[in-house]
Amino acid sequence: MKLIIKDYINSMTDETLSKVLGLIKNSAQPCFDLPGYSNFSLLKECYLYDQRIDCNKVFQSVVTDFGLCCGFNIGNKDEKIVPRVGKQNGLRVVLDQASGNVDFGTVFDVANSFNVHIGSPYEFPMLKLKKNNLEPGKEHSMQISATVINSDPEIVNIDPLKRDCYFHGEKQLTLFKEYSYSTCQMECAIFQNYAKYKCIPWFLPKEKGWKICDPWTSMKFVNNLGNATNCQCLQSCSAVIYSTSTSSAKFQPCNSRNFNLSPMCKILDEDTTMTAWLQSAKNVYDDTSKDLPLASINSRNQMRPAYFTTKMAGEEIFTNLAKDTPVYDAFKDDIAVLNVFFSEATTIEFGRTARYTFFNFVASLGGFFGLFLGFSVISLLEIIYWFVIIMARRLLA
């Protein structure tokens, strides 16, 4: 079977390959609900500046070294995001990993978590190198702080290797439009691995005419991306470096103390996906042998089947799992809330300048001359005087 798939991929035309890649993209968990196709999207609710917005306006699918992910504020969306300070002025997202809908043989991570990468819009998101793991069943607050690095334009004439950075436009990349250290490293790794495997995974940027790898070679390719050598990549002379700190807390269960008050426990807001009270209410009505009202929200039930289809449950290798855990609580294993915001209105700024310029040299030289001449003019005349006297005496002798 492995050889058949490899031969089929190698024999596909560009048109067929384009259709297959489109199918593969749709087979991954989408960022947004696709009406008539899938409602198991990653992004369930989005709030910006404490106002609910359409996630599609600020998010879009982006390529990472893990495959397709959902990117926020990456620079080519119509919605202009102006950063503000404070949790209420940041981004709030309800995430859903829909683990019961994940196919067999597709999970490689050790942790059951959401992967979050914070970086520049022009930086290639290398999740293998830098990411935050967010556990389902919790609300997470991620505070962002920024460090700005600027360079004096006067050092542009210094060799890049000596100043250890590239100015904008000094180094052009083939697979990426904008230069950054991470995109340079990624492009270098792609070219080195393409030379090794003679193909490239379908989700990575590539040159025209490059062959697409089969799934087994793609896995080797991606796992080897961090081993690139001799890339000659330097940092950008002007850059913004982001650092984060995260705090987390478990969801509060719905009860009479917070019912219709907590965002997770509201019964009147029919647009929310946060209906953690639904199973408790269903249990009450089951005890009374009555049907649960508000049947229209049953599709958001917090208790989900562990296997999306009966066929999938029958194919479980560990058969006891299909019997012992037929359902699971989505608010413990699937759903998380993420708040991202800037914690301070100011940033730390570093400047890169020449440590010792020509003018510094001239000034220092003048200072040394002034120092020595200032205390030795008379001494110099005395030396000349005595040198003349001594020479004269010797000549007369």
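Visitor: How much area does the protein chain expose, and what share do carbon and sulfur atoms supply?
Guide: The protein chain of this predicted model exposes about 25,800 Å², of which carbon and sulfur atoms supply 56%; accessible areas come from the Shrake-Rupley method with a 1.4 Å probe, and for residues only the protein chains shown count as cover. Because the model is predicted, local features need pLDDT of at least 70 and side-chain atom pairs count only at pLDDT 80 or more, while totals for chains, interfaces and linings use all residues. Residues are numbered from 1 along each chain as its sequence is written, and side-chain values use heavy atoms, with hydrogens and water left out.

Visitor: And what percentage of the residues is buried?
Guide: Of the 397 residues in the protein chain, 34% are buried, where buried means under 20% relative accessible area, exposed means over 50%, and partly exposed lies in between (1.4 Å probe, protein chains only).

Visitor: How many helices and strands are there?
Guide: The protein chain has 11 helices and 15 strands, taken as DSSP runs (helices H or I with at least four residues, strands E with at least two) and numbered from the N terminus.

Visitor: Is strand S14 enclosed or open?
Guide: Strand S14, residues 335-342, has 7 of its 8 residues buried, so it is largely enclosed by the rest of the structure.

Visitor: Which strands does S14 pair with?
Guide: S14 is joined by 6 bridges to S5, the two running antiparallel, and by 6 bridges to strand S8 (residues 138-151), the two running parallel; strands pair if DSSP finds at least two bridges between them. Leucine 338 in S14 is the bridge partner of valine 93, and phenylalanine 341 in S14 is that of glutamine 143.

Visitor: Switching topic, what salt bridge does arginine 92 make?
Guide: The side chain of arginine 92 meets that of glutamate 139 at 2.9 Å, N to O, a salt bridge being a side-chain nitrogen of Lys or Arg within 4 Å of a carboxyl oxygen of Asp or Glu. This pair links distant parts of the chain, with arginine 92 in strand S5 and glutamate 139 in strand S8, 47 residues apart. Arginine 92 is partly exposed at 23% relative accessible area, and glutamate 139 is partly exposed at 25%.

Visitor: What about aspartate 334, which partner does it have?
Guide: Aspartate 334 forms a salt bridge with arginine 304 (2.9 Å, N to O). Aspartate 334 lies in the loop between helix H10 (330-333) and S14, and arginine 304 in strand S12 (residues 303-305), so the pair ties together parts that are 30 residues apart in sequence. Aspartate 334 counts as buried at 0% relative accessibility, as does arginine 304 at 17%. Salt bridges that share partners join Asp96, Arg304 and Asp334 into one network.

Visitor: Which residues touch the most others in the largest nonpolar core?
Guide: Among the 28 residues of that core, Tyr179, Met186, Ile190, Ile200, Leu204, Phe221 and Leu225 touch the most other members; such a core is a set of buried Ala, Val, Leu, Ile, Met, Phe, Trp, Tyr and Cys residues joined through side-chain atoms within 4.5 Å. Helix H5 (181-197) and helix H6 (215-223) each supply at least two residues of this core, and H5 gives the most, with 7 residues.
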